[in-house]
Amino acid sequence: MRFSVWPALERSWDEVLDLAQRSESAGWDGFWVADHFMVEQPDEGPTGVLEVWSTLAALAAATSRIALGSLVCSVTYRHPAVLASAAVTCDHISSGRFVLGVGAGWQENEHQAYGFELGDLKTRSDRFEDGCRAIRGLLDGESLTMQSPHFVFDAALRYPRPVQERLPLLVGGKGERRTLRTAAMYADWWNAWIDAEALRHKRAVLGQHCDEVGRDPDEVSCSTQAFLCLSEDRDVQRDFVGRAGRRPTLVGSVEAVTDQVGQLQEAGAEELIIPDWTYESLSRRDDELDQFISEVVRSVRA
């Protein structure tokens with residue numbers, strides 16, 4: 001099982017760089033960066049966020065071992081050709097450590113604020129399937145010719161080739177009818193915010209889609225994420241749960257969290273990503289992440 005870190009959108013560049021380098025030194029496997037133009041709840045005050053591709057390119061040059069990836073880029077405001085080109089460039093800068101994560105788009109406030117068309121669920125699903133088809137073709141082929149209601153390519157080239165023989169494409173989302181089918185057709189990784197019980201069910205649905213499109217389900221790996229609180233203090237836990245909201249969590253002692261991670265692994269998770277968004281103190285964050293990698297991960301991998 002792989003373990004990765006995901007910094008908050010509003011972290012400064014210095015904080016993101018420090019966390020990435022700390023994560024690499026501590027033994028984490030990967031580092032993910034979200035792609036948004038604003039936070040989801042702007043009523044808390046204007047908050048600037050770092051641009052994903054500039055950040056990832058800089059991190060690719062500033063690290064040497066950990067995998068890097070986008071979690072996730074939306075095809076509503078990132079054209080497949082731009083995504084493929086940026087991903088290949090980051091793959092070269094990182095010497096083959098890059099994963100391209102893409103999604104159908106969901107954050108309504110930023111689409112409205114910046115004038116991006118989001119569309120209804122069917123439009124998003126259709127556009128996303130076409131986008132993944134185009135990205136996979138650009139990453140793998142010598143040229144791409146394709147016509148759809150959303151994207152048109154006429155003998156489009158994608159050079160240079162990625163460093164990796166097959167640059168991994170991650171599909172984010174948990175819609176059973178369309179998103180998981182798109183993952184079955186084009187993805188190397190599938191990611192969703194999900195608990196162990198739901199993960200087991202969704203993986204079964206993904207397996208059915210793989211069978212229908214003639215693909216081995218084992219070719220699509222699974223990753224998920226959960227907020228972390230390594231504490232037995234009830235007050236600390238209560239405050240943490242309030243900040244985590246309805247997202248999946250890992251809460252309790254080292255033994256309790258180890259058991260929770262084991263449940264995710266048994267349900268089919270091959271990578272667990274820890275966001276740092278719930279930490280109000282960077283020193284507490286660093287201490288908990290260090291304890292997690294040194295004690296919980298060591299037990300899981302034993």
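Visitor: Let's start with Y114. What makes this residue count as partly exposed?
Guide: Its relative accessibility in this predicted model is 44%. Buried means under 20% and exposed means over 50%, so Y114, at 44%, lands in between and is called partly exposed.

Visitor: How many aromatic pairs are there?
Guide: The count comes to 13, taking ring centres within 6.5 Å as a pair. One of them joins F37 and F116.

Visitor: Why is the pair of F37 and F116 called tilted?
Guide: The centres are 5.5 Å apart, and the limit for a pair is within 6.5 Å. The planes meet at 35°. Stacked needs under 30 degrees and edge-to-face needs over 60, so 35° fits neither and the pair is tilted.

Visitor: What makes you say that this pair links distant parts of the chain?
Guide: F37 is in the loop between β2 (30-33) and α2 (52-62), while F116 is in the loop between α4 (108-114) and α5 (121-140). That puts the two 79 residues apart.

Visitor: Are F37 and F116 buried or exposed?
Guide: Neither word fits. F37 has a relative accessibility of 26%, and F116 has 27%. Both values lie between the 20% and 50% cut-offs, so each residue is partly exposed.

Visitor: And Y114 with F116: why is that pair called stacked?
Guide: The ring centres are 6.2 Å apart, which is within the 6.5 Å limit. The planes are at 20°. Because stacked asks for under 30 degrees, the pair qualifies.

Visitor: Which residues form an aromatic cluster with W193?
Guide: W6, F227 and W277 join W193 in one cluster.

Visitor: How do you know that R247 lies over the face of W193?
Guide: R247 is 4.3 Å from the ring centre, and the distance cut-off is within 6 Å. R247 is listed as lying over the face of that ring.

Visitor: Where else do W193 and R247 turn up?
Guide: In the largest pocket, which has a volume of about 1,600 Å³. It has 49 lining residues, and those closest to its centre are E40, W106, W193, R247 and W277. By class, the lining splits into 18 nonpolar, 17 polar and 14 charged residues.

Visitor: Which helix supplies the largest share of that lining?
Guide: That's α5, with four residues. Helices α5, α6 (179-186) and α8 (234-244) each give at least two.

Visitor: What makes S223 a buried residue?
Guide: Its relative accessible area is 1%. Buried means under 20%, so S223 clearly meets the rule. S223 sits in strand β10 (residues 221-225). Setting aside residues up to four places away in sequence, S223 touches L170, W189, W190, N191, A192, E271 and I273.

Visitor: Why is S95 called exposed?
Guide: At 59% relative accessibility, S95 passes the over 50% cut-off, so the word applies. The residue lies in the loop between α3 (80-93) and β5 (98-103). Its phi is near 60°, a positive value in a residue other than glycine.

Visitor: Where is A155, and what is its phi?
Guide: A155 is in strand β7 (residues 152-156). Its phi is near 50°, again positive in a residue other than glycine. With 45% relative accessibility, A155 is under the 50% needed for exposed, so it counts as partly exposed.

Visitor: What kind of peptide bond joins L71 and V72?
Guide: A cis one, with omega about -15°. V72 lies in the loop between β3 (67-70) and β4 (73-74).

Visitor: How many cavities of 30 Å³ or more are there?
Guide: Two. The largest has a volume of about 80 Å³, and its lining is P7, A8, L9, R11, V16, V33, A34, L50 and T55. Seven of those are nonpolar, one is polar and one is charged.

Visitor: What lines the second largest cavity?
Guide: L19, R22, S23, A26, W28, D286, L289 and D290. Helices α1 (13-26) and α10 (282-301) are the elements giving two or more residues, and α1 gives the most, with four. This cavity holds about 50 Å³ of space. Its lining has four nonpolar, one polar and three charged residues.

Terms used:
Residues numbered from 1 in each chain as written. Predicted model: local features only at pLDDT ≥ 70, side-chain atom pairs only at ≥ 80, totals over all residues. Heavy atoms only, no water. Phe/Tyr/Trp six-rings, centres within 6.5 Å; stacked < 30°, edge-to-face > 60°. Buried < 20%, exposed > 50% of the residue type's maximum accessible area, 1.4 Å probe, protein only. Lys NZ or Arg CZ within 6 Å of the ring centre and 35° of its normal. 1 Å grid on protein atoms, 1.4 Å probe; cavity = no way out; pocket = protein on both sides within 12 Å on 5 of 7 lines; lining within 4 Å. Points joined across faces, edges and corners; volume = space filled by probe spheres on them. Nonpolar A, V, L, I, M, F, W, Y, C, P; charged D, E, K, R; others polar. Contact = heavy atoms within 4.5 Å.
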